[in-house]
Amino acid sequence: GTAAGTESAALPAELQADLQTVLDEARVEWGFPGAQVGVWTPAGAWIGTTGTAAMNDDRPITRDDHTRIGSITKTLTVTAMLQLIEQGKLSFEDTIGEYVPGMPNGDSATLRNLADMTSGIPPYTTEAACTTRYFDAPTEPWLPQELVDCVKDAEPVFPAGTQMQYSNSNLVLLGMVIEKVTGQSMEEVLRAGILDPLGMAQTSSPGQDADIPQPHLSGVTTQGNPDDAVKDATTWTPTFAFTAGDMIST
């Protein structure tokens, strides 16, 4: 949802046309049904759409369409962590092992390391046992602990703080820490700390619920399909991403 005060003047018409061309060409190149893009700069804003809201559907995309926002979720998860640090309930230097035992680098990787992707904890999304289970039954829910258990016996990728690797495990673990410290669900934490104060009424953390509010875009993927068949992934469980990527917005 758009918070009040974020609307700005339009970008120049020529630049808008160029952006639209890039967006249309991307749809053709990648073969997806449709997309919506927003660009906000000090010089102005542009919101463009291409294609349709779903496969085999001619309904145009609108500003009111909800969609899964994937890894943009991470910015909200880390903001919630920063709020708890500000309140004195967490510290940047706490190790993950103090909250979730048994992780690679558990005694050395700090919450700061997890937040800036320098923990050395491998991503569960590259563990074959995990991804096979997910793609075999993509609507079956996962518990956060099950996600990070996928890497429990793995070797650290590097000593904590020495390198950077993008790993969803980090953000799932931070969500687990936040829920443990607050005694609330991530949905409740985000609603009270970020979404309500900013008036983000169309943004939500779905928890276990695979439904998506109407109206919405339909997501497609070829992931997990050896023959590259395109599948509708709109109602695949968001729990496989948890606080690394489960949120919904417009």
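The second largest pocket holds about 170 Å³ of space. Here a pocket is an open set of points on a 1 Å grid over the protein atoms alone, where a 1.4 Å probe fits, with protein on both sides within 12 Å along at least five of seven lines; its volume is the space filled by probe spheres set on the points. Its lining (residues with an atom within 4 Å of a point) counts 13 residues, and Glu 179, Gly 207, Gln 208, Phe 242 and Asp 246 lie nearest the centre.

| Class in the lining of the second largest pocket | Count |
|---|---|
| nonpolar | 4 residues |
| polar | 6 residues |
| charged | 3 residues |

Gly counts as polar in this scheme.

A word on the model: it is predicted, with local features needing pLDDT of at least 70 and side-chain atom pairs pLDDT 80 or more, while totals for chains, interfaces and linings use all residues. Residues are numbered from 1 along each chain, and side-chain values use heavy atoms, without hydrogens and water.

Now to the largest nonpolar core, a set of buried residues joined through side-chain atoms within 4.5 Å. Among its 43 residues, those touching the most other members include Leu 111, Leu 173 and Leu 190. Helix α6 (168-182) is one of the helices supplying at least two residues, and its 7 residues are the largest share. Helices are DSSP runs of H or I, at least four residues long.

Beyond four places in sequence, Leu 173 touches Ile 96, Val 100, Met 103, Leu 114, Ile 121 and Val 148, where contact means heavy atoms within 4.5 Å.

Finally, meet Asn 113 in helix α3 (residues 111-115). Asn 113 counts as buried because its relative accessibility is 11%, and buried means under 20% with a 1.4 Å probe, protein chains only.

How values were computed
Buried < 20%, exposed > 50% of the residue type's maximum accessible area, 1.4 Å probe, protein only.
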